[in-house]
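Biologist: I have this one open on my screen and would like to go through it with you. Let's take it one piece at a time.

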Amino acid sequence: MSALLERYRDLLAGPAEAFPVTLGEGATPLIHARRLGEELGLDNLYLKFEGTNPTGSFKDRGMVLAVNRALASGARAVICASTGNTSASAAAYAAAAGIDCFVVLPVGKVARGKLAQAVAAGARLISIDGNFDEALESVRRIGDEETAAVVNSINPDRIAGQQTGAWEIVDELGRAPDALALPVGNAGNITAYWRGFTRYAEAGRTTTKPRMLGFQAAGAAPIVNGAPVAQPETVATAIRIGSPASWEGATAARDESRGVIEAVSDEEILDAQRRIAQTEGVFCEPASAAGVAGVRRLAADGRLHRSETVVCVLTGHGLKDPDIVSPEEGEIRTVGADLASIRRGMGI
Ligand code: F0G
């Protein structure tokens, strides 16, 4: 039984509904990032580290609900398009449910760890000569044929389950933060967080709601540009998306919360990824660092104030994409096995 879905049953499900499939999702740490906050000029900066979910990303929050409901409705298979994390999550939950999983992936653009997860869980991988947007379009059509339940975020259970991230933050802080920052790809998560805060306000569990701060990669920034991007490109492959399915949900979140959706460069993303790891010991994947890169800018130009409570959602674990930080030549000192050589290697 999913403890996450049980905890928020009153907001998510009927009293008698059963959720037998679980991998122990949710309840991720909210880390007070003092050292990183000092660097950015924020006293109350928090990192919601979604990398500690069972498959290492926030996708598990919605996938647990989507797969339990697919199973209850008699589905024998699930299908998704993915830049990697959705497929890793779908593969794991389908395996636990004892049903088949098909994943359609953009060729050569899925990080190694995510591919390994889907293969290990026994998913059937279909790699297409196209990008995520084209993969999702095909999956929508196959979904219409009802051969398999679609578990992309166009499935409302995915967005519903992902609201739990917002609820955990309010429960832990005792109130909503002043601002919430996160990366934007297909735009499901920013839609889910905003819906979650709004729902909690309606239920009287928070009196305030945060400004929503969404960040796209500069080479894949359709919402910022106001037009789809035909050939999106970014080192943050998780958010290499040119035509987000939840576009309207994202702009509603931005406008209703008086927030922003802006673009950050690949360089800013990779720099933020390193700073998060080196100041806080938290290793997230590149896409996840986009929120911190954006917050750095907003704090620097005075759009975020030192005393404000800011939560950055770190959406996925760094181990998913190890090639991004593989040591460059010169970073590893190869020396003899004797103590003197090792001391020299240490520089002492
Ligand atoms: N961060 C990570 C690590 C992701 O994997 C994704 C999306 C996002 C952020 C963006 O979230 O799409 O809700 O705006 N990954 C999807 C996938 C597209 O297929 O795994 P979003």
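Biologist: How many bridges pair strand β3 with β6?
Modeller: This is a predicted model, where local features need pLDDT of at least 70, side-chain atom pairs count only at pLDDT 80 or more, and totals for chains, interfaces and linings use all residues. Numbering runs from 1 along each chain as its sequence is written, and side-chain values use heavy atoms, without hydrogens or water. Strands (E, at least two residues) and helices (H or I, at least four) are DSSP runs numbered from the N terminus, and two strands pair if DSSP finds at least two bridges between them. β3 covers residues 77-81 and is parallel to β6, and the count of bridges is two.

Biologist: And which residue in β6 does isoleucine 79 face?
Modeller: We're still on the parallel β3 and β6 pair. Standing opposite isoleucine 79 in β6 is valine 150.

Biologist: Which strands are at the edges of that sheet?
Modeller: Four strands with parallel pairing make up this open sheet, in the order β5-β4-β3-β6. The edge strands pair on one side only, and they are β5 (124-128) and β6 (149-150).

Biologist: Then there's the six-stranded sheet. Why is one side of β1 and of β9 left without a neighbour there?
Modeller: That open sheet has mixed pairing and runs β1-β2-β10-β7-β8-β9. β1 (30-32) and β9 (260-264) are its edges, so each lacks a neighbour on one side because it has just a single partner strand.

Biologist: By how much are neighbouring strands of this sheet turned against each other, on average?
Modeller: The six strands lie in one open sheet. With direction ignored, the average turn between neighbours is 25°.

Biologist: What stands opposite glutamine 216 in β9?
Modeller: β8 takes in residues 211-217 and runs parallel to β9, joined by five bridges. Across from glutamine 216, in β9, is alanine 263.

Biologist: On to the empty spaces. What volume does the largest cavity have?
Modeller: A cavity is a set of points on a 1 Å grid over the protein atoms alone where a 1.4 Å probe fits but cannot get out. The search of the whole structure turns up one cavity of 30 Å³ or more. Its volume, the space filled by probe spheres set on points joined across faces, edges and corners, is about 320 Å³.

Biologist: Which element gives the most to the lining of the largest cavity?
Modeller: The lining has 25 residues, with Phe58, Lys59, Gly185, Asn186 and Ala238 nearest the centre. Elements giving two or more are α5 (85-97), α8 (156-173) and α9 (188-202). The top contributor, with three residues, is α9.

Biologist: How many charged residues are in the lining of the largest pocket?
Modeller: A pocket is an open set of points with protein on both sides within 12 Å along at least five of seven lines, and lining residues have an atom within 4 Å of a point. The largest pocket has a volume of about 280 Å³, with Arg274, Glu328 and Glu331 among its lining residues. Asp, Glu, Lys and Arg count as charged, Ala, Val, Leu, Ile, Met, Phe, Trp, Tyr, Cys and Pro as nonpolar, and the others, Gly among them, as polar. The lining has five nonpolar and three polar residues, while the charged ones number three.

Biologist: Now helices. How is α4 placed relative to α8?
Modeller: Axes are lines fitted to C-alpha atoms, for helices over the stretch in contact, with angles from 0 to 180 degrees between N-to-C directions. α4 (residues 59-72) and α8 have axes that come within 7 Å and cross at roughly 140°. Under 35 degrees counts as roughly parallel, over 145 as roughly antiparallel, 65 to 115 as roughly perpendicular and the rest as oblique. That makes α4, relative to α8, oblique.

Biologist: At what angle do α9 and α11 cross?
Modeller: α11 covers residues 247-256, and its axis comes within 8 Å of the α9 axis. The pair is oblique, crossing at roughly 45°.
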